[in-house]
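Hello,

Here is the structure I promised to pass on to you. Please open it alongside this note, which walks through what turned up in it.

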Amino acid sequence: YPKNDFFVADVFKSIQLFSLGPGLVQRFRPDFKQKFANFFDDDTISEYIYHCNAQTPSGEAAFKAMTESLGWARRPMLQRIHMIRRDLPITLIYGANSWIDTSTGEKVRYLRPGCYVNDMAIPGASHHVYADQPRAFNTAVEQICDSVD
């Protein structure tokens, strides 16, 4: 990643020297642990988040390369949706409480007449559907996979 850019991982790498990283994640973002309390009763989530961010930030660098200011897509998929094979079914999954524009499903249906296009809104989930409603998300993905097998 570019050496002159500041990344969250740089902070975590510095903290690693003091062996405080996972504890600081827990202290400053207790919501992460609370969100997954039904799955883990230890510090697994804090450890995971710390170690993901203490590594060279390939995901963060990729996100930066794919987006413009404020997180807007550099090359929106909607502008290229016509390039996907027409026999390939498409399902979009959203959190019902997401800040993301959920009209994309309607736009994709309009741009792919006669093709299978489905969109699903998961109740009680925001943008991070997989984290907010993991069981409902997994059920939706299983239904999608079963429908195309």
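R85 is a good place to begin: because its relative accessibility is 56%, and the cut-off for exposed is over 50%, R85 counts as exposed. D87 falls in that class too, with 57% relative accessibility. The side chains of these two residues, R85 and D87, meet in a salt bridge, with 2.9 Å from N to O. Please keep in mind as you look around that the model is predicted.

How many salt bridges does a search of the whole structure find? The search gives three. As background, side chains of opposite charge can pair when their charged atoms come close.

Another of these pairs joins K107 to D101, and here the closest N and O atoms are 3.5 Å apart. K107 has a relative accessibility of 37%, so it counts as partly exposed. D101 is partly exposed as well, at 43% relative accessible area.

Then there is the salt bridge between R109 and D119, whose closest N and O atoms lie 3.4 Å apart. This pair links distant parts of the chain: R109 sits in helix α6, which covers residues 104–111, while D119 belongs to strand β2, residues 117–122, and the two are 10 residues apart. R109 has a relative accessible area of 34%, which makes it partly exposed. D119 is also partly exposed, with 27% relative accessibility.

If you want a starting view, try R109 and D119, where the salt bridge ties helix α6 to strand β2.

Enjoy exploring, and best wishes

Note on methods:
Residues are numbered from 1 along each chain as its sequence is written. This is a predicted model: local features need pLDDT of at least 70, side-chain atom pairs count only at pLDDT 80 or more; totals for chains, interfaces and linings use all residues. Side-chain values use heavy atoms; hydrogens and water are left out. A salt bridge is a side-chain nitrogen of Lys or Arg within 4 Å of a carboxyl oxygen of Asp or Glu. Buried means under 20% relative accessible area, exposed over 50%, partly exposed in between (1.4 Å probe, protein chains only). Helices (H or I, at least four residues) and strands (E, at least two) are DSSP runs, numbered from the N terminus.
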